[in-house]
Amino acid sequence: MELRSLGPGVPDVTCIGFGGMPLSIADRPDVAESVRVLHAALDAGMTLIDSADVYCLDDDDIGHNERLIARALREWSGDPDSIVVATKGGLIRPGGRWESDARPDHLRSACEASLAALGVETIDLYQLHAPDSRVPLEDSVGALADLHVEGKIRAAGLSNVSVDEIRRAAAIMPVASVQNRLSPFFREALDEGVVEHTKREGMGFLAYSPVGGGRLNRKLPDHPVVSAIARARGISAHAVVIAWVLGRAPNVIVIPGARTVAHAIDSVVAAGVRLTQEEDRAIELAEFSIA
Ligand SMILES: NC(=O)c1ccc[n+]([C@@H]2O[C@H](COP(=O)([O-])OP(=O)(O)OC[C@H]3O[C@@H](n4cnc5c(N)ncnc54)[C@H](OP(=O)(O)O)[C@@H]3O)[C@@H](O)[C@H]2O)c1
């Protein structure tokens, strides 16, 4: 599979990585099945897994996804050192809700907990999950800079940020990557210049929810433009959309999630698909309703 740069300080990774979230939130498969899904993704060639401490049910379950990944890597027949695991801190899950806590003290304790859950001494890529409106961004990023100096994280990334926030963070420490939402349904990362900025600055851009997320992805097989391309090429509608997202810029890396072996393997098909200009343009111009 094609390798792309995840940014300075991190090994190159396959252009399609595995998004761990659906294996640990509501309606998750059991652990044995989740390990099979992760092994299928790795066996299909993916070298990146994206996680977060808050991919879990609630605050009593923090680290579920990281522990799952650690177990899957331990039990995998391949070389765990060839896999980059990216995780995040800066959110909490009280009562199962998603809330921000990007205070420096919280980021430090969250990072320590992620190190333990992943069973590693250094986290490959540690991402600020989202800026916290109650905490100056500079303070949150300063905490990541300290963790970097102490060798607890190899590289730092940002998530859910604007170009201005990327600039402010990059003034404090090297920013390897940015992870924002990008799919045909949601194109603000393109419209607001984040993808372009990361490309110019040599950062990786991790496209999250690339097929629209847990609900909207189910509309893809019925989408007139996407399904026509899928039929003509003999591939799934999801693979068509992942190929479209990958085509937005050479620094884009997609991280589709999956709860099944079949879905995880299917997404990899997209790495071998080059859409024609006409196909690309047809998707660009098509309407993708989020209703
Ligand atoms: N930084 C952030 O704030 C943030 C936010 C959201 C997500 N993320 C990251 O991005 C990853 C992906 O986002 P997401 O899980 O929200 O949405 P997504 O990848 O757009 O879609 C998720 C769902 O689409 C289905 N799917 C994916 N590929 C498929 C295929 N080839 N064929 C058929 N169905 C397919 C899967 O359904 P099944 O479950 O039925 O297999 C999966 O659960 C997450 O896992 C997480 O790592 C980050």
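In this predicted model, the ligand is surrounded by 28 residues. The closest of these are Asp50, Gly213, Arg259, His263 and Asp266. Sorted by class, this shell holds 15 polar, 9 nonpolar and 4 charged residues. A good place to start looking is helix H11, which spans residues 261-268. This helix supplies the largest share of the shell, 3 residues.

Several polar contacts can be picked out around the ligand. A polar side-chain atom of Asp266 lies 2.8 Å from a nitrogen atom of the ligand. Oxygen atoms of the ligand are approached by the protein backbone: a backbone N or O atom of Gly257 lies 2.9 Å from a ligand oxygen, and a backbone N or O atom of Val211 lies 3.0 Å from a ligand oxygen. The ligand would expose 880 Å² if taken alone, and the protein buries 90% of that area.

Where, then, does the ligand sit? The space it takes is the largest pocket of the model. About 890 Å³ of space lies in this pocket, and 39 residues line it. Nearest the centre of the largest pocket are Pro22, Ser209, Gly213, Gly214 and Gly257. Two or more residues of the lining come from each of the following elements: strand S10 (177-181), helix H8 (213-216), helix H10 (237-246) and helix H11. The lining of the largest pocket divides into 16 nonpolar, 16 polar and 7 charged residues.

Some names return from one description to the other. Gly213 is among the residues closest to the ligand and also among those nearest the centre of the largest pocket. Gly257, with its backbone atom 2.9 Å from a ligand oxygen, likewise lies among the residues nearest that centre. Helix H11 contributes to the shell around the ligand as well as to the lining of the largest pocket.

A second pocket is also worth a visit. The second largest pocket has a volume of about 410 Å³ and a lining of 21 residues. Pro80, Asp81, Ile83, Val85 and Asp124 lie nearest its centre. Helix H2 (64-75) and strand S5 (84-89) are the elements that give two or more residues to this lining. The largest share, 4 residues, comes from helix H2. By class, the lining of the second largest pocket comprises 13 nonpolar, 3 polar and 5 charged residues.

Technical notes: Residues numbered from 1 in each chain as written. Predicted model: local features only at pLDDT ≥ 70, side-chain atom pairs only at ≥ 80, totals over all residues. Heavy atoms only, no water. Near = heavy atom within 4 Å. Polar contact = N/O pair within 3.5 Å; in protein donor to acceptor, adjacent residues only side chain to side chain. Areas by Shrake-Rupley, 256 points an atom, 1.4 Å probe, with all protein chains shown as cover. 1 Å grid on protein atoms, 1.4 Å probe; cavity = no way out; pocket = protein on both sides within 12 Å on 5 of 7 lines; lining within 4 Å. Sits in = over half its atoms within 2 Å of the grid points. Nonpolar A, V, L, I, M, F, W, Y, C, P; charged D, E, K, R; others polar. Points joined across faces, edges and corners; volume = space filled by probe spheres on them.
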